[in-house]
Amino acid sequence: PYPKPKEFWIIEDAKGKPIARAGAALSITRPGVGYVGFFEIEVQHPDAHLATQLIDRTATQWLKTLGAHEVYGPMNYSTWFQHRLRTNYG
C-alpha cells in the first residue's frame, strides 16, 4: 500500500481493447512533486495518439488538483533511470 494518493487509468477503444495505460502518484518525500508512470501505448493501434491525453490532461491535471507543481515521468518505480521523457507543463 502506497501511503500517498495514487490513481491509474486505461484508455480503451470501442471494443474494449486497451490503447494506453498510465498511473500517477504524489511523492512520499517531496511535497509538491508528483510522478507519472506505468505508461504503455499500443503503438500499432490506429488511435494510439489518444495516449498523450493520459499525460497531458488526465495524470498531470489530477496531480495539480492535489497540489503538485512539479511532475516527473513517465517512469516506473524510480527517476534514477535514463529512460525518462522531460516536458514542461504549466
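## A walk through the salt bridges, strands and core

Searching the whole structure turns up 3 salt bridges, a salt bridge being a side-chain nitrogen of Lys or Arg within 4 Å of a carboxyl oxygen of Asp or Glu. Before you click on anything, note that this is a predicted model, where local features need pLDDT of at least 70, side-chain atom pairs count only at pLDDT 80 or more, and totals for chains, interfaces and linings use all residues. Residues are numbered from 1 along each chain as its sequence is written, and side-chain values use heavy atoms, with hydrogens and water left out.

**Stop 1: the salt bridges**

Select E40 and R21. Their side chains meet in a salt bridge, 3.3 Å from N to O. E40 sits in strand β3 and R21 in strand β2, so this pair links distant parts of the chain, 19 residues apart; helices (H or I, at least four residues) and strands (E, at least two) are DSSP runs, numbered from the N terminus. E40 is partly exposed at 43% relative accessibility, and R21 is partly exposed at 23%. For these labels, buried means under 20% relative accessible area, exposed means over 50%, and partly exposed is in between (1.4 Å probe, protein chains only).

Keep R21 on screen and add E42. Here is another salt bridge, at 3.5 Å from N to O. R21 is in strand β2 while E42 is in the loop between β3 and α1, and the two are 21 residues apart. E42 is partly exposed, with a relative accessible area of 31%.

Now jump to R30 and E70. This salt bridge has its closest N and O atoms 4.0 Å apart. R30 belongs to the loop between β2 and β3, E70 to strand β4, and 40 residues separate them in the chain. Both ends are partly exposed: R30 at 36% relative accessibility and E70 at 28%. Which residues are joined into one network by salt bridges that share partners? They are R21, E40 and E42.

**Stop 2: the strands**

Switch to cartoon view and colour β2 (residues 18–26) and β3. They pair in the antiparallel sense over 6 bridges; two strands pair if DSSP finds at least two bridges between them. Pick A20 and look across to β3: its bridge partner there is I41. Then follow the hairpin that β2 and β3 form, with 6 residues between them. In the turn, select G32, which has a positive phi of about 85°.

Next, add β4 (residues 70–75). β3 and β4 pair in the parallel sense over 4 bridges, and in β4 the bridge partner of G34 is V71. Show α1 as well, and you have a right-handed β-α-β unit made of β3, α1 and β4. Right-handed means that, with the strands pointing away from the viewer, the path from the first strand over the helix to the second runs clockwise.

**Stop 3: the aromatic pairs**

How many aromatic pairs are there? The count comes to 3, where rings of Phe, Tyr and Trp (its six-membered ring) pair if their centres lie within 6.5 Å; planes under 30 degrees apart count as stacked, over 60 as edge-to-face and the rest as tilted. Select F8 and F38 for a tilted one: 6.0 Å centre to centre, with 55° between the planes. F8 lies in strand β1 (residues 6–12) and F38 in strand β3 (residues 33–41), so the pair ties together parts that are 30 residues apart in sequence. Turn on a surface here: F8 is exposed at 51% relative accessible area, whereas F38 is partly exposed at 38%.

Move on to W9 and W62, an edge-to-face pair at 5.8 Å centre to centre and 75° between the planes. This pair connects strand β1, home of W9, with helix α1 (residues 52–65), home of W62, across 53 residues. Is W9 buried or exposed? W9 counts as buried, at 18% relative accessibility.

**Stop 4: the core**

Leave W9 selected and add A24, V36, L54, A59 and L63. Of the 15 residues in the largest nonpolar core, these six touch the most other members. Such a core is a set of buried Ala, Val, Leu, Ile, Met, Phe, Trp, Tyr and Cys residues joined through side-chain atoms within 4.5 Å. β1, β2 and α1 each supply at least two residues of this core, and the largest share, 5 residues, comes from β2.

Finish by centring on A59. Not counting residues up to four places away in sequence, A59 touches W9, A24, V36 and L54, with contact meaning heavy atoms within 4.5 Å.
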